[in-house]
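Open the model in your viewer and keep the selection tool at hand. The stops below follow one another, each with something to select and something to look for.

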Amino acid sequence: MSAQGGERISRLFGSAGKAVRIRGMLLHPGQIQAALSRLPEVARAQAVITRAGGQDHLLMRIELRPEGGRAHIEHGVINTLQAMSHVRVDAGDVVSEFTI
């Protein structure tokens with residue numbers, strides 16, 4: 001590998017795969033997909049990971065199917081994902097259709 005100007009990158013830090021590290025745990029896209037597959041009312045979801053004040057925060061943005069009920073879906077997604085991945089989800093947010 002070389003950067004512009006012919007400089008060599010001698011070492012890569014972090015992860016080169018699709019998994020992300022949050023609070024010391026790896027979260028794989030497949031874990032999110034598996035958790036969401038158990039909730040048929042979810043059309044799409046997006047994991048938003050931020051870091052503020054030295055703390056990692058995980059927000060799940062959830063888009064429901066038109067026929068899906070909104071009642072308690074945030075907690076369903078949060079509980080299912082936490083049980084399957086062992087990563088704490090800080091919040092869930094149901095968003096409007098076609099925003100993810």
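## A tour of the predicted model

Begin with strands β3 and β4, which run antiparallel and are joined by 10 bridges. The model is a predicted one. Select A52 and look across to β4, where Q55 stands opposite. The hairpin of these two strands has two residues between them, and G53 takes a positive phi near 60° there.

**The whole chain**

Now colour the chain by secondary structure. Two helices and five strands should appear. Read from the N terminus, the elements come in the order β-β-α-β-β-α-β. The chain has 100 residues, of which 24% count as buried. Take the contacts between residues at least 6 apart in sequence: 57% of these join residues at least 24 apart.

**The sheet**

Select β3, β4 and β5 together. They form an open sheet of three strands in the order β3-β4-β5, with mixed pairing. Which strands stand at the edges? They are β3 (42-52) and β5 (91-95); each has a single partner strand, so one side of each is left without a neighbour in the sheet. From one strand to the next, the twist averages 25°.

Go on to the pairing of β4 and β5. Strand β4 covers residues 55-64, and five bridges join β4 to β5, the two running parallel. To see a facing pair, select I62, which has V94 of β5 opposite. Along any regular strand, side chains alternate between the two faces of the sheet.

**The helices**

Add helix α2, residues 73-85, to the selection. Helix α2 packs on the sheet and touches β3, β4 and β5. The direction of α2 makes about 135° with that of β5.

Then show helix α1, residues 29-37. Helices α1 and α2 pack with their axes 9 Å apart, at an angle of about 130°. That angle makes α1 oblique to α2. Their crossing is right-handed.

To see the contact, select these residues:

- from α1: Q31, I32, A34, A35 and L36
- from α2: V77, T80, L81, M84 and S85

Sorted by class, the contact of α1 with α2 has seven nonpolar residues, three polar and no charged ones.

Stay with T80, which is found in helix α2. Is T80 buried or exposed? The relative accessible area of T80 is 17%, so T80 is buried, the cut-off being under 20%. Apart from neighbours within four places in sequence, T80 is in contact with A35, R38 and L39.

**A buried loop residue**

Move to V87, in the loop between α2 and β5. V87 has 3% relative accessibility and counts as buried. Show the residues that V87 touches, not counting those up to four places away in sequence: I22, R23, M25, L58 and Q82. For a link across the chain, draw a distance from V87 to L26: the two are 61 residues apart in sequence, and their C-alpha atoms are 8.3 Å apart.

**Two positive phi values**

Most residues other than glycine have a negative phi. Two places to look at in this respect are R23 and F98.

R23, which is among the residues that V87 touches, sits in the loop between β1 (20-22) and β2 (25-27). The phi of R23 is near 50°, a positive value in a residue other than glycine. R23 is partly exposed, with a relative accessible area of 29%.

F98 lies in the segment after β5. Phi is near 70° at F98, again positive in a residue other than glycine. F98 counts as exposed, at 64% relative accessibility.

**Back to the sheet**

End at R44, in strand β3. R44 has a relative accessible area of 33% and is partly exposed. Which residues is R44 in contact with, leaving aside neighbours within four places in sequence? They are R61, I62, E63, F98 and I100. I62 is the residue that stands opposite V94, and F98 is the exposed residue from the previous stop. Finally, draw a distance from R44 to I100: these residues are 56 apart in sequence, and 6.9 Å apart in space from C-alpha to C-alpha.

Key:
Residues numbered from 1 in each chain as written. Predicted model: local features only at pLDDT ≥ 70, side-chain atom pairs only at ≥ 80, totals over all residues. Heavy atoms only, no water. Pairing = 2+ DSSP bridges. Helix = DSSP H or I, 4+ residues; strand = E, 2+ residues; numbered from the N terminus. Axes fitted to C-alpha atoms, helices over the stretch in contact; angles between N-to-C directions. Contact = heavy atoms within 4.5 Å. Parallel < 35°, antiparallel > 145°, perpendicular 65-115°, else oblique. Left-handed = near helix turned anticlockwise from the far one by under 90°. Nonpolar A, V, L, I, M, F, W, Y, C, P; charged D, E, K, R; others polar. Buried < 20%, exposed > 50% of the residue type's maximum accessible area, 1.4 Å probe, protein only.
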